[in-house]
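I opened the model to look up how its chains meet. My notes follow, one contact at a time.

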Amino acid sequence: MRNSRNGLMAIIFMLVLSLGTAPGAWAQDSQLQRFQNLEGTIDIAGGTAHIPVMKDAAEQIMKANPKIRLTVAGGGSGVGVQKVGEGLVNIGNTGRALTPAEVAKYGLKTFPFAVDGVAVAVNPKNPVGALTSQQVRDIFAGKIKNWQEVGGTSAPIHLFTRDEASGTRETFWKKLLKKGPIDAKANIVASNGAMKMALAQDPQAIGYLGIGFVDQKVKGIKLDGAEPTQENAKNGSYPVTRLLYMNTKGEPQPLVKAFIDYIKGPEGAKIIQKHGFIPTSK
Amino acid sequence: MGPKKPVDLEPTVLVKSLHVGFAGREVLHNLNAKFNRGWLAVVLGRSGSGKTTFLRALNRLNECFPRSATRGSLKLKLQGEWRDIYRNAMPLPELRRRVGMVFQTPHLLPGSIADNLALPVKLVLGVPRRNIASRVEWALEEAHLWDEVKDRLNAPAHTLSGGQQQRLCLARLLALEPEILLLDEPTASLDFRAALKVEELLLSLKERYTIIAVSHSLSQARRLADEALIFRDGSVVQRLSREDLQAPDTLQALLEEIF
Amino acid sequence: MIKKITYLAQACSWLAVLTTVGMILLFLGFLGVRGFDTINPTLFFGNTPPWGAIIGRLPVWHGIWPACVGTVALVLLSSLLAIPLGLASGIYLAHYASGAWKRWFSLAVEVLAGIPSIVMGLFGFALILSLRKTVAPQANTCLLLSAGCLALLVLPYLILMTQTALEALPDELRQAGLSLGFTPWQNMVHVLLPVAGRGILSGVILAVGRAAEDTAVILLTGVVANSGLPSGILDKYEALPFHIFFLAAEARSDAELAQGFGAALILLILTAALFLGAYYLKSTFTKTWDQKNLSI
Amino acid sequence: MLIQGQASSPRTAETVLQAHWRHLDRRQSGIKGLLLGATILSCGSVLAILGFLSYFALPIFSEGHLAEILSWEWRPFQGKFGILPMAVGSLSLAVTAMGVAYPLGLGICGFAHGLGPRCLKGPLMGLINFMTSIPTVIYGFVSVIFLVPLVRGAFPESTGYSWLTAALTLSLMILPTIVLLVHAQLQQVDARVRLASAALGFSPAQTLLWVMRPLAFRGLWAAAVLGFSRALGDTIIALMVAGNAPQVPNSLLDSIRTLTSHIALVVATDSTSQAYQSIFASGLILFGVSIAVNLTLRRLQSRAALPATGRHD
């Protein structure tokens, strides 16, 4: 805990401290007990696919123990690496494995916790439901410009891609595009959530996002016949997959360790599943 | 406290070859003059002849205007001691306290009638709070204003009439124990009746102070002046005694000179 | 011919006015209609009991309360930093500075006013990185940093408003005090500032409004999507403008989008209230001068 | 004469007074020093900002990356870090936003100064003043939800996140800046010529078009320059609705990225990469533009009209 407090906040905080000593949630959930004697702040940033899981876990933990404060920010995997490496946050999330250079440069320790596929997705109104890998490559390279060319109605294709800090983009680019070009005309969105919103709004759009984000608002594209589901991602029949990682600089502090254990434990697994990912622990 | 006996003429202001310019343009050239205590001098001249600048030179208020430059010697006898105020200067605010000034229009301070008097007394003289009220009353008496305002000292100062405001400004000066009074057309913004009241007040004050008044009115000068200085293009071109002013032939010459 | 040009100009001006007014009303109307229904305790506190949330006992999820508190804290802190500095600099420039120095200082203030807020944020970010590498390895993006950068952002407005309000005062007011023997500072505190007060205050309020609405600075200096109530000036925080920005891009459900509308409306109400306050003060300040009424 | 204090001799009173004066004098210089300190701090922050930006952009020059940064392709994975497309994006967006806002602004000013009915002037200027207080992020938000689908619906080849959408939204944001500046100038001119031209039998509209317009040219230029700089400095609207594709746009319906949104998008990448250096280069460019704008404005007008109309990001 830091010493300098702004006056108003200090008062609020004292209230929290004095009133928050008898939280009622312990009995229901043994998993949360690990936080019982801990306090402090965990700053989390990075991978945007992680955000729903992180927010949900943060909610459970902060409700059970108000002395703990979790802040969740996005930014993308690159941001996660950089911020945790520079010590600006405690946990930097990535949607891709760390490169050896990153590990060496910052001394990062990595904790994979979920399996996620990267699905190519379109608006549910779009009749196109299946594409070949080559078609996807051509679409993103800007060679195929109209939905008619891939069996849809005649309408220009709206390309959406992610910024360079994105682990989702890196996975998609390496495993599906085989490092092929992405048209510079493509609109750039800053997170999985934003991608989902863009696709959900635009009937001519195509983009890619974590399978965990695919629901009735966006339609996952069957890739070379493989349905983008987490099961297929897990058993290998859907090829574009990655793990979701939490990373810390060196060995995690007790509080951060507790958080990581919680995410990787049975309670965390439930949260992970609830948001459409498959926990690595299973 | 009563009026001092006028000794002979005790000179208190000596101006020698005074030059004042703004932004390179000279307004006063080689101006020479002498003023005495107990003597009311009136400065006459066309607008633009440098009358106001001359007054402001005496309390160094010209320095509030951009790029002013003053040369020459300007000696004042303050506290019985001669000082060249541009060289051997006392602190500026101290000088300005001792050389009080009244402007063409009443320059009120924000706040009530009492505030207008009390604030300077408190800030400039450092008079303790318990003594302020008596000094305010004394100054208002001096300015022949006390009876008119004693019941509404806390009313906003701008609710007074123009003549009252101008006398309030004078009271404000007197409260600061000045030795020299500079009056810049003090009745210019007033109607005749109010102007007469101010003039009356000035006459009653002149024995104890050195008073230098700029006037726009020849008849006023004839009523007030012990001596008149005629300004033209930034220097004194003529000096008239009280008798000169009353003489009809000088009057004609003067009318042509000034108007 | 001249008649025709006049008519044409009149037609064009009507067109311009109708277009603009139409667009603004459409924008605000859209926001109002979509946002009005969302304003209720749930918008602020989600599923948390309001009282517990207000006293800070219960963390709020799914509500904009932490963002509101964050914005208020941010605005207060940046005002605390900017107002003394802005007033002092404005006073100095209006009454003490002169000549070449005054020109240089004024140029600096104007350049500062023209710096895009994202650049101000970038400065804050760079500052923290350098601090970490040098004197303060624990320094981090936080409420204080954001407030500092916001203070820099609004500082030129404060300076210019103070300076303008003071310079707009008539010379006679300045001379009155000085001729009585006030020191310049006495004259400032007891005469000029009280009279210019309303003008300056309206500038302060406008500056506060800008601090409340800016998004780009905080984007780079410590705002996060989720943190609960700010717990200290060295912690990360939520803020309304960023919350709106975030929801515009990634509302995951219609409920979240509705919350975006609610948050936008609340922010608009906040800035509009500040604006109206400033407008009122400013108009009374101007009126005071119109009537040549020096009293306060 | 009444003497200071109560029963002291004149000499002591004089001493007391002088002591009081010395005290004031010391305070005076202390206060002046404080004020000067505050001013130096405020103004020095400009230098600090410039210094930091330059320091972080320095490696571009020392490592010889300048040519790479000032090139036309942004493809970090292929080692291409050109920010020129973003510079073009900033410029095109600002110019088009001005293209929409400036005529509208002039029309509104004309309306308020004689072309429209007098009774509507008050409400109209009230509304324009109120517009200065609408948060930028709200323009962005409403635009995303409302304008983007509209543009997409009207032009199927566009995603809606486009130069056009951003320009329209941005023009609303900079409109009050333009209107208030021109309005202030016209008011000054109006006070000078109204009576004279009314005496000549001109109608208000004629006065505006043939008497005031030529006299107000400084204000017209100043409004153009300042409006342009506000448009250039905006981040949030561009970031939210312009689409952010790092390309030189071919049409109004293309997605573009500005220097400002480039900074926001790239700011948190690896701090040694050239991507990182490129954002400080972008920052420097924006800073430079802001200085240029101010120098231009200085030539055009006195500072008095500026503060009330400014708007930031």
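**Chain C with chain D**

I looked up the buried area first: chain C and chain D bury about 7,900 Å² between them, and carbon and sulfur atoms give 79% of it. I note that this is a predicted model.

I then listed the residues in contact. Chain C puts in 87 residues and chain D puts in 85 residues.

Next I searched for charged pairs. I found one salt bridge between chain C and chain D. It joins the side chains of C:Glu110 and D:Arg298, at 3.2 Å from N to O. For polar contact, I counted seven residue pairs between these chains, both residues at pLDDT 80 or more.

Which helix gives the most to the side of chain C that touches chain D? I found helix α1 of chain C, residues 2-36, with 20 residues. By class, I sorted that side of chain C into 62 nonpolar, 17 polar and eight charged residues.

**Chain B with chain C**

I moved on to chain B and chain C. The buried area is about 2,000 Å², with 67% from carbon and sulfur atoms. In chain B, I see the most area lost to chain C at B:His107, B:Pro110 and B:Leu123, together 28% of what that side buries. The contact draws 25 residues from chain B and 21 residues from chain C.

I found zero salt bridges across this interface. I found one residue pair in polar contact, both at pLDDT 80 or more.

I traced the chain B side to its elements. α2 (92-98), β6 (99-102), α3 (113-125) and α6 (162-174) each supply at least two residues. The largest share, four residues, comes from α3(B). I sorted this side of chain B into 17 nonpolar, four polar and four charged residues.

Terms used:
Residues numbered from 1 in each chain as written. Chains lettered and ligands numbered in written order. Predicted model: local features only at pLDDT ≥ 70, side-chain atom pairs only at ≥ 80, totals over all residues. Heavy atoms only, no water. Contact = heavy atoms within 4.5 Å. Buried area = accessible area lost by both parts, 1.4 Å probe. Salt bridge = Lys/Arg side-chain N within 4 Å of Asp/Glu carboxyl O. Polar contact = N/O pair within 3.5 Å; in protein donor to acceptor, adjacent residues only side chain to side chain. Nonpolar A, V, L, I, M, F, W, Y, C, P; charged D, E, K, R; others polar.
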